[in-house]
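Here is a short, friendly briefing to read alongside your viewer. Please keep the sequence and the coordinates open as you go.

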Amino acid sequence: MEDNNLKKPTFILRLSRGHFQSEISCSGKQLVQILTCIQHETSNLTWFAFDVFGSGNQVSEVLFPNPYSEILSTYELIKKAEEIIQFHSGVFIGIKKGKKIGWDSNTLPETEEGEGLQHPEAEIEIRPFDTSYFEVYGMDIDIGNKIKSCFM
């Protein structure tokens with residue numbers, strides 16, 4: 001479903017298993033690699049997780065309770081992602097710390113959304129798609145360039 005209210009990102013990247021030298025796509029280990037690459041650049045962000053489903057060492061609903069999870073740092077998100085073997089879906093949105101965010105429970109971000117950032121305050125959004133690839137949307141071109149330097 002195309003939504004014209006999505007915020008237009010400065011960059012869009014698609015990372016598949018070839019970018020990770022891996023037989024599987026959308027693994028927790030791969031999300032950890034993405035987040036580790038940009039950990040310094042995202043240190044001022046609080047992360048929010050939506051629509052997370054995956055297989056892992058812990059049930060994804062325990063790590064990312066519904067309807068959404070607030071994760072206080074990139075490091076904390078890395079620790080949660082380490083527990084996932086493979087993501088089937090998910091939306092991880094980074095917003096500058098201290099912003100008061102009101103989430104409308106009727107219109108929470110979803111994995112299968114059109115291209116763009118799903119919240120007006122979003123700085124970055126990472127979505128694992130159906131065990132196929134990660135899409136990364138962002139506002140800071142330096143973060144986009146850092147990811148490219150790590151994976152392309």
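In this predicted model, the side chains of Arg-127 and Glu-125 meet in a salt bridge, with 2.7 Å from N to O. Arg-127 is buried, at a relative accessible area of 0%, and Glu-125 is buried too, at a relative accessible area of 0%. A search of the whole structure turns up six salt bridges, and two others are described below, followed by a helix and a threonine.

**Salt bridges with partly exposed residues**

- Lys-96 pairs with Glu-123 in a salt bridge whose closest N and O atoms are 3.7 Å apart.
- Because Lys-96 sits in strand E4 (residues 84-96) and Glu-123 in strand E5 (residues 122-129), this pair ties together parts that are 27 residues apart in sequence.
- Lys-96 counts as partly exposed, its relative accessibility being 37%.
- Glu-82 and Lys-79 form another salt bridge, and here the closest N and O atoms are 3.2 Å apart.
- On the Glu-82 side, the relative accessible area is 40%, so this residue is partly exposed.
- Lys-79 is partly exposed as well, with a relative accessible area of 36%.

**Helix H1**

- How many of the ten residues of helix H1 are buried? The count is seven, so the helix, which spans residues 28-37, is mostly covered.
- Which residues of H1 are the buried ones? They are Gly-28, Gln-30, Leu-31, Val-32, Ile-34, Leu-35 and Cys-37.
- As a general reminder, an α-helix has 3.6 residues a turn, so residues three or four places apart point the same way.

**Thr-74 and its surroundings**

- Thr-74 has its place in helix H3, which covers residues 74-81.
- Is Thr-74 buried or exposed? With a relative accessibility of 3%, Thr-74 counts as buried, because the cut-off for that label is under 20%.
- The side chains of Thr-74 and Trp-47 are joined by a polar contact of 2.9 Å.
- Leaving aside residues up to four places away in sequence, Thr-74 touches Leu-35, Gln-39, Thr-42 and Trp-47.
- One of these contacts leads back to helix H1: Leu-35 is touched by Thr-74 and is among the buried residues of H1.
- Trp-47 appears twice in this picture, as a residue that Thr-74 touches and as the partner in the side-chain polar contact.

Definitions and conventions:
Residues are numbered from 1 along each chain as its sequence is written. This is a predicted model: local features need pLDDT of at least 70, side-chain atom pairs count only at pLDDT 80 or more; totals for chains, interfaces and linings use all residues. Side-chain values use heavy atoms; hydrogens and water are left out. A salt bridge is a side-chain nitrogen of Lys or Arg within 4 Å of a carboxyl oxygen of Asp or Glu. Buried means under 20% relative accessible area, exposed over 50%, partly exposed in between (1.4 Å probe, protein chains only). Helices (H or I, at least four residues) and strands (E, at least two) are DSSP runs, numbered from the N terminus. A polar contact is a pair of N or O atoms within 3.5 Å; within protein, one must be able to donate a hydrogen and the other to accept it, and residues adjacent in sequence count only if both atoms are side-chain atoms. Contact means heavy atoms within 4.5 Å.
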